[in-house]
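Walk through this structure from its pockets to its surface. Keep the model in view as you read.

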Amino acid sequence: MSETTTKTKEVSLDELWESAPISTHIFNPASLTHLPNAARLYLEHAIAPGAKLASAVRLWMHGEIKLGQKWHHFKGEEVICWNRGMIWRATTWMQGLPIWGADSVIDGASAVEWKILGLFPVMQAAGVDVTRSGAGRMQGESVWLPSVLCSPDIIWTEMDAAHVRANFIALGEQAELVLAVDRSGGLERIKFLRWGNPEGGEHHYVDFGGEVTAEKTFGDYTIPTQLRLGWFFDSERFESEGEFFRCSIDNAIYR
């Protein structure tokens, strides 16, 4: 990431969505025969034969987010455009007041902010570390846009019968995404290293991930629809201090 990275340009969800190229490539399960069995099962489960390999997904969701030491209900919308980045917009409430939040990384720049009534900042962050962390978020959220994991640039490695690792680059950052897959190809868990500072202090790579507890099919794609996510995944610290995001996907459309 460039040291000149600061904050995102003002790009709306609609603008990012409309900028996504419409793919003409078609998903052909026969092209997966060289992959490890778990990777092949996952992609065949996630994408219908003959589907267009989408370059973007638009998601509507609700759930709980941990701000400080308290959990708050939220409603949100997100666009992931693989060649540019992502924008997530959400609304939560504190003491009866609405708080608008945003997390975005677009064209190599990023910003995170929460504002009471959309006017008064509660939290703001931008810069190289935030951008690198946002790229990590994109790595994990590739499971909501599984078409990108069909790219010939993905390097798949079998770990055991139920676990497979995908190595690729997302927004200039190296990714090493580990997927736990059941016998039908459904996702059970995801794990990767994400840049952050959950303890405070200097940023560094930390185990990040979560559990998938439900899935649903939207058009040609079957994706996780209930997840628990956070830092220190696969350790005792996950539930006590790492988990901060629980979401349910209400709808998804692909482009």
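The largest pocket of this predicted model has a volume of about 1,200 Å³. Its lining counts 43 residues, and K66, M123, R194, W231 and F244 are the closest to the pocket's centre. Which helix gives the most to this lining? Helix α3, residues 128-140, does so, with six residues. By character, the lining of the largest pocket divides into 25 nonpolar, 10 polar and eight charged residues.

The second largest pocket holds about 410 Å³ of space. It is lined by 18 residues. Closest to its centre are S147, V148, C150, S151 and P152. Here the lining of the second largest pocket splits into 11 nonpolar residues, six polar and one charged.

Now turn to the charged pairs. How many salt bridges does a search of the whole structure find? The search finds 18. Take E64 and R246 as one of the pairs: their closest N and O atoms are 3.3 Å apart. E64 belongs to strand β1 (residues 56-67) and R246 to strand β13 (residues 243-254), so this salt bridge ties together parts that are 182 residues apart in sequence. Are these two residues buried, partly exposed or exposed? E64 has a relative accessibility of 23%, so it counts as partly exposed. R246 is also partly exposed, because its relative accessible area is 29%.

A second salt bridge joins D107 and R84, with 2.7 Å between the closest N and O atoms. This pair links distant parts of the chain, 23 residues apart. D107 sits in the loop between β4 (97-106) and β5, while R84 sits in the loop between β2 (70-81) and β3 (85-94). The two partners fall into separate accessibility classes. D107 reaches 37% relative accessibility and is therefore partly exposed. R84 stands at 18%, under the 20% cut-off, so R84 counts as buried.

R137 and E141 make another salt bridge, and their closest N and O atoms are 2.7 Å apart. Both R137 and E141 are buried. Beyond single pairs, salt bridges that share partners build one network from E64, R189, K191, E211, R228, D234, E239, E243 and R246. E64 and R246, the pair that connects β1 and β13, are thus among the members of this network.

Next, look at the backbone. D107 returns here: its phi is positive, about 50 degrees, although D107 is not a glycine. D107 lies in the loop between β4 and β5. F232 is another residue other than glycine with a positive phi, near 60 degrees. Where is F232 found? F232 is in the loop between β12 (221-231) and α4 (237-242). Unlike the partly exposed D107, F232 is buried, because its relative accessible area is 7%.

Finish on the surface. Which residues form a nonpolar patch there? L97, W100 and L117 do, with about 270 Å² of accessible area together. L117 is found in the loop between β5 (109-116) and β6 (120-125). L117 has 39% relative accessibility, so it counts as partly exposed.

Definitions and conventions
Residues numbered from 1 in each chain as written. Predicted model: local features only at pLDDT ≥ 70, side-chain atom pairs only at ≥ 80, totals over all residues. Heavy atoms only, no water. Patch = residues over 30% accessible without salt bridge, like charges linked within 9 Å, V, L, I, M, F, W, Y side chains within 5 Å. Areas by Shrake-Rupley, 256 points an atom, 1.4 Å probe, with all protein chains shown as cover. Salt bridge = Lys/Arg side-chain N within 4 Å of Asp/Glu carboxyl O. Helix = DSSP H or I, 4+ residues; strand = E, 2+ residues; numbered from the N terminus. Buried < 20%, exposed > 50% of the residue type's maximum accessible area, 1.4 Å probe, protein only. 1 Å grid on protein atoms, 1.4 Å probe; cavity = no way out; pocket = protein on both sides within 12 Å on 5 of 7 lines; lining within 4 Å. Points joined across faces, edges and corners; volume = space filled by probe spheres on them. Nonpolar A, V, L, I, M, F, W, Y, C, P; charged D, E, K, R; others polar.
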